[in-house]
Amino acid sequence: MSFDFFIPCPRGLEAALAAELAEIATRHLNGAPFTAGAQVPGGVHFRGGWAAGMAANLHSRIASRVLLKIAHRPYRSEQDIYALALEQRWEQWFSARETLRVDVTAIKSPLRSLEFTTLRVKDAICDRLREVSGERPNIDTSAPDVRVFAFLTATDCTLYLDTSGEPLFKRGWRLDKGAAPLRENLAAGILRLTGWTAGTPLYDPMCGSGTFLAEAAQVALNIAPGVERRFGFEKLKQYEAKTWQTLKAAAMDAKHAARASRSDLQIFGSDISGDMLIKARANFERAGLSAVSLKQVDARGMAPPSSEPGILVANPPYGERIEVRGRNARGELRETRENRDDDSFRRVQEEAPDSEFFKALGDALKQRFTGWHAFILTSDRKLPGQLRLRESTKTPLFNGALECRLFRFDLIAGSVRQRPANDTPAA
Ligand SMILES: C[S@@+](CC[C@H](N)C(=O)[O-])C[C@H]1O[C@@H](n2cnc3c(N)ncnc32)[C@H](O)[C@@H]1O
C-alpha cells in the first residue's frame, strides 16, 4: 500500500532534502516503493509505503516532520473544512483514548480566523470518533499522542496526519542548548550544501553547543539521526511494526559499531567560551561522539586544526541574540548579555563595533586558511564587506523566521578575493 507524504523542511533546503530522500531510498529501502515528488517552498512531496515513511523519519537529517496525506479538497468556508475532516476515517489511525492536537497553517486563505478553523477541524475529528466509539479524545497541546495538520491555500485544504511526533530536529540527545543553537536539521542541510564528505577536515571555530560538529560526526559514523528517539507513528493503530523493527535494528547495529570504531574523524570545534565547550562535550557524550576534538580559542586567533585544508563552517554571533566576545583592539574584554555572571567577561564600551571582530576574523581566514572553503551563515548581508572578503556564492536560507545567507568564501592560494569594507553587497 502506498501513501502520499509531505516533508516540510527549513526554507532553502528543499533540493538538499530531495537529494537526501533519494539516498535514503537507495540505502535503506531495499526496493520498497518510493517515488520522488515535487519540491515546493518549504518541503518535498513523495509517494511510498510505510517503510519509506518510517525510513524518512529515522534517517532524514533535513526533514522537520514526515506528514501523511489524509485528504485534499477545495473549500470556501470553515464548514467545508469541518465536513472534509468529519468524513475521514480517523478511527482507522487512532482511538478516542489518544490525546490530540490540531494545527492549521495557511497561505493566502480567505478565512478570517485560523484559530476558529483549528477548532472546527478538532471538532470534526472529535465528533467523528464520538460517532463511531461514543467517546471524544482529549486535547493536549504540549505532548499529544496524535497531531493533525491542516494546510490551506487560497482554494484548497489538505489534511495530514503527522508521523513524527516531536519535530525531527530533536534528535533525543541534546541536554544543554547553549545560547543560540542552530536547529539540527538546518545545520545538517548546511553541511550538505557545503559539499563536505566524511574524511575531509571540518572545523567550526564558533561551535557553541556543537550542532554542526555533532551532525557531521554522526554522518561520518553512519549513526541515524533518529536512533535515540521515538516517533509519532509508533502511537498509530496501523504502521508496519515488523518493518519498523528491522529498520530500527539496523540503525542500532550501526550505532553500536560506531561506538566501537576508533576512527580519526577529522572534525574539530572551538569556541571562546569554556561554558559552551562543556555543554558541547556533554551533548557529544550523550550522542556517542567522543571523537570530536574541541579547544577553547578566540576565533580571531584561530589556526587550521589539520594539515590538509578542508571545510570551515560557522554561524557567528549576531545582533540581539548573541554577541561577539573577547578582547577588542584596545585589549578590553567584552561581556555578553547571557553571561553577565561569568567573571571572565566585563561589560565595556557599548559602542565597540562588531566590525572589528569580523575584520580580524577575515584576516585570520586570509592569512592562515589557504586552500580552505569557508561557509558562514548569518542574517547580516554586510558580512563579506566586514570580513574584507568576496563571497563565491550566497544561498538564502531561513533560520526559523529569520532570513539568512550562507556565504561561501574560497580561500585559494594567491587569489583570495578581497573586497573593500564599503563595498555595498547585493541582496
Ligand atoms: C550563534 S552561536 C553558535 C551556535 C552554534 N552553531 C550551536 O549550534 O550551538 C555563536 C558562538 O560564537 C561564540 N563566540 C563569540 N565570540 C567569539 C570569539 N571571539 N571567538 C570564538 N567564539 C566566539 C559564542 O560563545 C557562541 O557559542
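Visitor: Is Cys9 buried or exposed?
Guide: Keep in mind that this is a predicted model. Cys9 has a relative accessibility of 7%. Buried means under 20%, so Cys9 counts as buried.

Visitor: And Cys157, buried or exposed?
Guide: Use the cut-off again: under 20% relative accessible area is buried. Cys157 has a relative accessible area of 1%, so the answer is buried.

Visitor: With cysteines around, how many disulfides does the structure hold?
Guide: For a disulfide, two cysteine sulfur atoms have to be within 2.5 Å. Going by that cut-off, the number of disulfides here is zero.

Visitor: Let's go to the strands. Which residue is the bridge partner of Phe5 in β3?
Guide: Start with the strands: β1 covers residues 3-8 and β3 covers residues 43-48, and they pair in the antiparallel sense over six bridges. Within β3, the partner of Phe5 is Phe46.

Visitor: Which residue in the turn between β2 and β3 has a positive phi?
Guide: β2 (residues 34-40) runs antiparallel to β3, and five bridges join them. Gln39 stands opposite Val44 in β3. The two strands form a hairpin with two residues between them, and the one with a positive phi, about 95°, is Gly42.

Visitor: Now the helices. Why do α3 and α4 count as roughly parallel?
Guide: Two packed helices are described by the angle and the distance between their axes. For α3 (residues 78-87) and α4 (residues 114-133), the axes are 8 Å apart and the angle is about 30°. Angles under 35 degrees count as roughly parallel, so that is what α3 is to α4: roughly parallel.

Visitor: Is the crossing of α3 and α4 left-handed or right-handed?
Guide: These helices do touch: Tyr82 is among the α3 residues that meet α4, where the residues include Arg120. As for their crossing, it is right-handed.

Terms used
Residues numbered from 1 in each chain as written. Predicted model: local features only at pLDDT ≥ 70, side-chain atom pairs only at ≥ 80, totals over all residues. Heavy atoms only, no water. Pairing = 2+ DSSP bridges. Helix = DSSP H or I, 4+ residues; strand = E, 2+ residues; numbered from the N terminus. Buried < 20%, exposed > 50% of the residue type's maximum accessible area, 1.4 Å probe, protein only. Axes fitted to C-alpha atoms, helices over the stretch in contact; angles between N-to-C directions. Parallel < 35°, antiparallel > 145°, perpendicular 65-115°, else oblique. Left-handed = near helix turned anticlockwise from the far one by under 90°. Contact = heavy atoms within 4.5 Å.
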